[in-house]
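Thanks for sharing this one. Here are a few notes to read alongside the model.

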Amino acid sequence: MTTIPTETRNATEPQPADPEPGWTRRRMLRALGLGGATVVVAGTGALGYRVYDTAALSPGRGDAYDPWRHWRDTPGLLGAVASAVLAASPHNTQPWVFGIRDQAVDVFLDGTRNTGTVDPLAREQHMGIGCAIENLVLACRARGLRPTVTLLPGERLAEIVVTADQPVPSRLYDVLGERHTNRGPYEDRTVPAETLTGLVDTAGLPGLAVHWIADPTPRAALGRLLVDAAKALCDDEQQSRDNFAWFRSDNDEIQRHRDGLTLGGQGFSPFVLAMSKLLPASSREQGDRFWLKQTATVHTATAAAYGVITTRTPDDRTTQLNAGRLLQRIHLTATSQGVALHHMNQITERIDRERTTGSAPTFAPRFAELLPSGAQPLLTFRVGYAVRRVGASPRRSAAQVTR
Ligand SMILES: Cc1cc2nc3c(=O)[nH]c(=O)nc-3n(C[C@H](O)[C@H](O)[C@H](O)COP(=O)(O)O)c2cc1C
């Protein structure tokens, strides 16, 4: 018998109901959310194996997290690629391949690394490539390599030609290794309007704008839309399956794939994280229910404001790549100012799903009501002051993604 005391600290932690018997992760989290009680786990032998299997007591260790430790030390263009791989990407698919030449880096799309019906028009995939390009540009400048970016149609999506220059350090480059998607609770504190405005720099990225939704009424309306979209996604079996396919449930899988979504990226407290790793892996249905509950009780309930990157040309690949660059720039700026950010794209994922299946559009008109006339949404995220910091997600190394 092992007795594990619960934490009592955060009332906004998930408290999902679970009709299933046994100590699933969700039941454990519910028990933890109740606080004050004591959770008793039987069977130390099995528990011991699970500790090893999920690396519960040493989150973020192992080769899969090595890229977060070495990106600064690697010189030249390989170092720029080592910085690029730390970028955000949809479901941590890392859909990129880099080709290093003498004075240039080519960025290719690996179309096999996709989220299927979650991103049926491959828009998020291209925006993920844009995120990597932004990191690459910052890292070239920091290494005394002046980059010129040319975006291209086709499988080779970008060419970054460099010339020798003075190193240009930047605050955004400095926090490259500290940027993480924060899915945990945020404090009950507004982010000042001037701080929100200061997060956005669209220089060199034409045709894009950011619409902030911070006032209580539209913020609540967007929160409801996000919950409804999450529910619609879970109710759509194919989308639910495609969503779940990128979830890595144990340390073995994480170290093997070095990609995907992990428990460590869910914004739990260290205690809840360690406990949730010890329990049997969740099924797709449990994962869906857990995500829905988190969306309602943590993500939307504690969002200080939402940002929406909009454009009038949402289907244009160049616009999508630039939107990814803008997203990464916003996230790095936010990180440098202590503002947390969580990408939340289920509404546009439903819009694209309805569009590609020929269903009547339900989410597009509701989202349009919250946006300036004619502005089409590309990316949605929430910001706020986080209750806690979150850990890194796994990455393939620069060498693994370089041709
Ligand atoms: C285009 C794009 C769309 C994303 N959509 C979501 C989303 O809807 N929900 C979410 O929790 N994270 C989303 N993410 C965040 C990724 O899951 C995250 O970047 C990835 O898991 C790597 O983790 P990191 O950002 O902490 O490095 C998105 C990221 C990108 C670039």
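1. A word on terms before the helices: contact means heavy atoms within 4.5 Å. With that in mind, Leu-233, Cys-234 and Asp-235 of α8 meet Glu-237, Gln-239, Ser-240 and Asn-243 of α9. By class, this contact has 2 nonpolar, 3 polar and 2 charged residues (Ala, Val, Leu, Ile, Met, Phe, Trp, Tyr, Cys and Pro count as nonpolar, Asp, Glu, Lys and Arg as charged, and the others, Gly among them, as polar).

2. Please keep in mind that this is a predicted model, where local features need pLDDT of at least 70, side-chain atom pairs count only at pLDDT 80 or more, and totals for chains, interfaces and linings use all residues. Residues are numbered from 1 along each chain as its sequence is written, and side-chain values use heavy atoms, with hydrogens and water left out.

3. Helices (H or I, at least four residues) and strands (E, at least two) are DSSP runs, numbered from the N terminus. Strand β8 spans residues 305-311, and 7 of its 7 residues are buried, so the rest of the structure largely encloses it (buried means under 20% relative accessible area, with a 1.4 Å probe and protein chains only). Ala-305, Gly-307, Ile-309 and Thr-311 cover one side, while Tyr-306, Val-308 and Thr-310 lie on the other.

4. Strands pair if DSSP finds at least two bridges between them. β8 runs antiparallel to β7 (residues 208-213), joined by 6 bridges, and antiparallel to β10 (residues 376-384), joined by 7 bridges. Gly-307 is the bridge partner of Trp-212, and Phe-381 in β10 is the partner of Gly-307.

Conventions
Buried < 20%, exposed > 50% of the residue type's maximum accessible area, 1.4 Å probe, protein only.
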